[in-house]
Amino acid sequence: MSGDLVFYGFALLTVLSGFFVVASRNVVHAAFSLLFTLFGVAGLYAQLGADFLAVTQTVVYIGGILVLVIFAVMMTRIPRSDAPRRGLDRAVPAAILSLLAFALIYMVIVGTRWPERATGAPEATVAEIGTGLMTTFVFPFEYASLVLLAAMVGAAILIRERAPADVADDAAGDGEVRS
Amino acid sequence: MTVGLEHYLTVSALLFGLGLYAVLTRRNAVALLMGVELILNAANLNFVAFARFVDGGVEGHIVAAFVIVLAAAEAAVALAIVLAMFRNFGTVNVDTVNRLKR
């Protein structure tokens, strides 16, 4: 079935590029691999009949979060020599732990009899999601807007330059000011 | 064997394992965040897969959309912290940045 082939293609893209995100020494390469991982997940959403989420994933993750990440990578470039080194002493236990976590989840996946229902052709979900957001999920929906506002204000405060008055205060005190 | 729930869950578990490994080993704060994004994507994939094969409704999709919203908020705040960190310490290595105040 051709749908299966598409699934395996997207799954392979997701996992392989996910591996490069983790394994790449260069953070820029990792960020660009993340693009393909997110795109692969968007493809899997489309395969699962989640049309709205596939588009949201592309717009918000790839168009928003990934651009932010790449900006941060570019703005925090440090010379290659003092780039953080990853010692083998950390990699080996981490690899064992991650593999154990995967093995545990995989055993649960295979060992459980999921109450699967028969799946028909996927239908458009946008109208249903819109109705759901305005009825059952209206409180989380409004709350999410508050969270976004708080995050926006918080991010702006965190990276603002210090006001001249603060700097003058600090110059009289003990700390050196770099901003 | 036709592609079913288990296949999607396996992809999600793989993504989770990779993300966990990134969070455990990465010392660059931005790269560490990428690991967190991988884990969030793995969780989202589970939500959508269960919505399709078990539940049948769109509740899973809505929850996944909320996760995306929170991931966006988290990324904005975390990257602002990373920039402040770089400005104050000159590095984004999470091992060397171990003070809250100068």
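In this predicted model, 23% of the 179 residues of chain A count as buried. The secondary structure of chain A consists of seven helices, with zero strands, and reading along the sequence gives the pattern α-α-α-α-α-α-α. Among the contacts in chain A with a separation of 6 or more, 48% link residues that are 24 or more positions apart.

Chain A also meets a partner: 76 of its residues are in contact with 66 residues of chain B. On the side of chain A that touches chain B, at least two residues each come from helix 1 (2-23), helix 2 (27-47), helix 3 (51-75), helix 4 (88-111), helix 5 (126-134) and helix 6 (138-158). By class, the residues on that side of chain A are 54 nonpolar, 15 polar and seven charged.

The nonpolar core deserves a look next. The largest one has 69 residues, and those with the most contacts inside it are V69(A), V30(B), M34(B) and V48(B). Two or more residues of this core are given by each of helix 1, helix 2, helix 3 and helix 6 of chain A, and likewise by helix 1 (5-25), helix 2 (29-55) and helix 3 (59-89) of chain B. Helix 2 of chain B gives the most, with 14 residues. For V69(A), leaving aside neighbours within four places in sequence, the contacts are A31(A) together with V30(B), L33(B), M34(B), A75(B) and L79(B).

A second meeting of the chains involves helix 5 of chain A and helix 3 of chain B, whose axes come within 10 Å and cross at roughly 70°. Because angles of 65 to 115 degrees count as roughly perpendicular, these two helices, helix 5 of chain A and helix 3 of chain B, are described as roughly perpendicular to each other. Helix 5 of chain A takes part through I129(A), G132(A) and L133(A), while helix 3 of chain B takes part through E59(B), H61(B) and I62(B). Sorted by class, this contact has three nonpolar, two polar and one charged residues.

Finally, one residue of helix 3 of chain A offers a view of the surroundings there: V59(A) lies in that helix. V59(A) has 12 other C-beta atoms within 10 Å and is therefore exposed, since a residue counts as exposed at 12 or fewer. The C-alpha atoms of V59(A) and L133(A) are separated by 19 Å, with the two residues 74 apart along the chain. L133(A) is also one of the residues through which helix 5 of chain A makes its contact with helix 3 of chain B.

Terms used: Residues are numbered from 1 along each chain as its sequence is written. Chains are lettered from A and ligands numbered from 1 in the order in which they are written. This is a predicted model: local features need pLDDT of at least 70, side-chain atom pairs count only at pLDDT 80 or more; totals for chains, interfaces and linings use all residues. Two residues are in contact if their C-beta atoms, placed from the backbone, lie within 7 Å. Helices (H or I, at least four residues) and strands (E, at least two) are DSSP runs, numbered from the N terminus. Ala, Val, Leu, Ile, Met, Phe, Trp, Tyr, Cys and Pro count as nonpolar, Asp, Glu, Lys and Arg as charged, and the others, Gly among them, as polar. A residue is buried if 20 or more other C-beta atoms lie within 10 Å of its own, exposed if 12 or fewer, and partly exposed in between; C-beta atoms are placed from the backbone. A nonpolar core is a set of buried Ala, Val, Leu, Ile, Met, Phe, Trp, Tyr and Cys residues joined through C-beta atoms within 7 Å. Axes are lines fitted to C-alpha atoms, for helices over the stretch in contact, and angles run from 0 to 180 degrees between N-to-C directions. Angles under 35 degrees count as roughly parallel, over 145 as roughly antiparallel, 65 to 115 as roughly perpendicular and the rest as oblique.
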